[in-house]
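User: Could you walk me through this structure in plain words, a few spots at a time?

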Amino acid sequence: MKFRIFYLFIFCLINSAFAQTNQNLKNEINKALIEEGLTGAAWSVVDADGKITYDAVGLSNKETGTHLKPTDKVHIGSITKTLIATGILRLATENKLNLNDPVSKYLPHLSFENKWEKNCPITIRHLLDHTSGLTDIRLWQIFSKSAHPNSPLELAFKRDPKVLKVHTQPGSIFSYSNMGYTLLAMIVESVTKEKYESYLDKNLLMPLGMTNSTFQFVSQVGENADKRLAFGHLDKQKIFPSLPMYLRPAGQFTTTAYDMAIFAKFLLSDGTVNGKMFIDYNYLLQMGKAQNTISIQKGLLVGYGLGAILRDRHGQIGLAHSGNIVGYHAMLYWFPKFKKAFFISHNMDSETANYERFNKILIQYLNLDTVLNRPKKVQTKGLEDWAGYYLPVFPKVESFAYADILSGFTKVKLNDSMVILSPFQKAEKILYQVDKYVLIAEEKSENSHIFYKDSSGKVFISDAFSTHQKVSGYYLLAHWISFILGCIGLLILFFSGIFQMMKSKKRVVSNPIFASFMATILLLLPMPFFFLQSFVALGDKTVASMLLFFASCFLPIGLAFSFGYYLKNGIFSPKNKLNFIALILALQWIVVLFAWNLIPFRLWA
């Protein structure tokens with residue numbers, strides 16, 4: 001009897017300590033939530049014994065003040081890709097497809113513009129690893145009110161076949177592609193002869209026991225509403241109900257924190273369900289391991305493979321996938337070595353919050369052994385060719401590649417003991433040389449960057465997740481000068497027209513700059529319409545986007561008309577000279593925009 005009382009006492013003591021630890025975690029997350037200005041968070045943790053704990057803090061709906069419950073449903077954005085990948089691996093385990101099969105075997109009606117097609121066609125593995133050579137998205141594929149929950153997936157590619165252009169040899173370079181994972185869902189449909197949502201709900205989620213999850217479209221309002229789904233929020237904690245999109249396989253998934261812990265627990269397993277092989281264990285071992293990319297061949301460990309990132313942060317290397325969708329931000333992390341995992345979803349998509357702070361809190365809570373190995377500071381040698389300026393090999397949105405030249409470049413600087421990466425819009429990174437062309441960032445545990453040249457002598461740097469090519473600093477400077485002078489020219493023409501109108505409304509019509517003045521006025525016309533419309537319609541043909549299109553068509557015409565007038569009639573005064581110079585400045589920038597296919601400007605392209 002005494003022993004029973006003693007064991008009961010010890011059991012209660014352990015439970016009390018465990019509950020206190022969970023409460024400490026909740027308090028810490030709640031504190032971070034308040035300090036970061038976020039609405040709510042739901043999370044779950046899997047410990048080494050497979051035990052699942054889950055909880056939530058904050059609000060489900062800021063407007064009503066409804067509290068977020070641990071059992072509430074959430075969206076997870078791009079973590080959906082890990083689930084899509086797992087569905088593909090299930091089909092591969094069942095021998096219904098092969099990861100090395102070309103995509104054209106299952107989607108013969110799609111035509112890829114792939115100059116490497118003969119020897120290197122895009123395979124299913126390339127899509128899973130984001131190494132297909134396809135770019136990421138077009139605006140209309142994500143931001144469009146014309147998308148419906150049941151829109152055929154192929155509409156994401158039929159509208160503009162140019163989106164299937166392959167930019168680098170498949171398998172060589174990582175380039176994140178939402179389009180790629182939409183193609184994977186189309187392969188699921190081709191193999192199973194069923195909509196991917198219903199097939200994966202029945203054949204992936206149900207066997208795993210994820211009974212509160214679905215690939216189907218779920219919102220907080222309308223016919224697809226679920227009262228348990230927390231509202232998403234934008235900055236200033238404005239609620240935002242979920243909307244369908246064309247690339248839904250890349251980011252549409254509704255779940256709970258508990259269900260995501262079940263999924264994480266499976267990823268930590270041997271791939272069996274109820275004693276039977278569900279996913280070939282070798283596939284689970286390959287998750288996060290990139291295959292034969294240039295960065296892997298040249299010495300990097302981290303990368304992306306089969307729907308997972310091998311991530312090096314906070315002194316730990318683990319498998320992970322983050323997720324962003326309008327109104328939500330989420331992270332799934334699992335550590336096979338320790339058999340531990342966590343998931344967290346925030347029902348607010350903020351431009352300023354530090355979400356990485358929550359990952360650090362949860363990693364510390366898991367109490368993993370720190371593996372951080374601070375690099376030794378050795379003299380930097382043999383990297384002189386890599387000093388200079390770099391641009392991304394892949395633009396995230398191809399039609400906005402020009403923006404990368406103005407704001408997406410990185411400068412590489414060398415000194416005796418380190419290499420400094422200085423992105424234009426981000427914080428500097430300090431790298432240390434560990435091998436001839438292999439470097440490690442200051443806060444990393446493993447090699448993080450490679451410097452290399454291709455067969456033609458072009459210079460590159462890569463961190464396995466983004467690859468940048470060296471460009472001339474004069475090339476960037478020329479574009480910046482062109483941009484600044486073009487804006488100055490347009491401003492001069494605008495204010496000159498305003499001045500002439502104030503002097504005499506009748507005379508301004510006969511003024512040589514009237515056409516160019518009206519062109520600048522037309523550029524301002526769409527602005528109030530953009531403020532009035534939802535940003536979700538950015539990729540649609542709306543009043544605002546059509547006005548911008550026509551204004552950008554008229555702009556070069558108006559400038560050319562005024563320029564021709566001056567050439568025909570001569571320059572007679574200093575005032576006219578200033579306007580003539582302004583026309584030249586504006587026209588040179590228009591030529592540049594033409595070269596980048598930005599005139600006429602089409603948001604729906």
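Analyst: What follows is a short talk through a few parts of the structure.

User: Before we start, what sort of model is it?

Analyst: It is a predicted model, in which local features need pLDDT of at least 70 and side-chain atom pairs count only at pLDDT 80 or more, while totals for chains, interfaces and linings use all residues. Residues are numbered from 1 along each chain as its sequence is written, and side-chain values use heavy atoms, with hydrogens and water left out.

User: OK, where does Leu583 lie?

Analyst: Leu583 belongs to helix α18, which covers residues 574–595; helices here are DSSP runs of H or I with at least four residues, strands are runs of E with at least two, and both are numbered from the N terminus.

User: Is Leu583 buried or exposed?

Analyst: Leu583 is buried, because its relative accessible area is 0%, and the rule is that buried means under 20%, exposed means over 50% and partly exposed is in between, using a 1.4 Å probe and protein chains only.

User: And which residues does Leu583 touch?

Analyst: Leaving out residues up to four places away in sequence, Leu583 touches Leu493, Ser516, Leu559, Ser562, Phe563 and Tyr566, where a contact means heavy atoms within 4.5 Å. The C-alpha atoms of Leu583 and Leu490 are separated by 7.6 Å, although these residues are 93 apart along the chain.

User: Let's switch to pockets. How much space lies in the second largest pocket?

Analyst: The second largest pocket holds about 680 Å³ of space. Of the 21 residues that line this pocket, Leu490, Leu523, Leu548, Trp589 and Leu593 are the closest to its centre. On a 1 Å grid over the protein atoms alone, a pocket is an open set of points with protein on both sides within 12 Å along at least five of seven lines, a cavity is a set of points where a 1.4 Å probe fits but cannot get out, and lining residues have an atom within 4 Å of a point. Grid points are joined across faces, edges and corners, and a volume is the space filled by probe spheres set on the points.

User: Which helix gives the most to that lining, and what classes of residue does it have?

Analyst: Helix α13 gives the most to the lining of the second largest pocket, with four residues. By class, that lining has 19 nonpolar, two polar and no charged residues, where Ala, Val, Leu, Ile, Met, Phe, Trp, Tyr, Cys and Pro count as nonpolar, Asp, Glu, Lys and Arg as charged, and the others, Gly among them, as polar.

User: How many cavities does a search of the whole structure find?

Analyst: The search finds two cavities of 30 Å³ or more. The largest cavity has a volume of about 50 Å³, and its lining divides into six nonpolar, five polar and no charged residues. The second largest cavity has a volume of about 40 Å³, and its lining has four nonpolar, three polar and no charged residues. Phe174 is among the residues lining the largest cavity, and Phe174 is also one of those lining the second largest cavity.

User: What about the aromatic residues?

Analyst: One aromatic cluster is formed by Tyr389, Phe409, Phe424, Trp480, Phe483 and Trp589; rings of Phe, Tyr and Trp (its six-membered ring) pair if their centres lie within 6.5 Å, with planes under 30 degrees apart counted as stacked, over 60 as edge-to-face and the rest as tilted. By this rule there are 27 aromatic pairs.

User: Any unusual backbone spots?

Analyst: Most residues other than glycine have a negative phi, and most peptide bonds are trans. The peptide bond from Ile599 to Pro600 is cis, with omega near -5 degrees, and Pro600 lies in the segment after α18. His130 has a positive phi near 60 degrees and is found in the loop between α3 and α4, while Lys236 has a positive phi of about 70 degrees and lies in the loop between β5 and β6.

User: Are those two loop residues, His130 and Lys236, buried or exposed?

Analyst: His130 is buried, because its relative accessible area is 1%, whereas Lys236 is exposed, because its relative accessible area is 83%.
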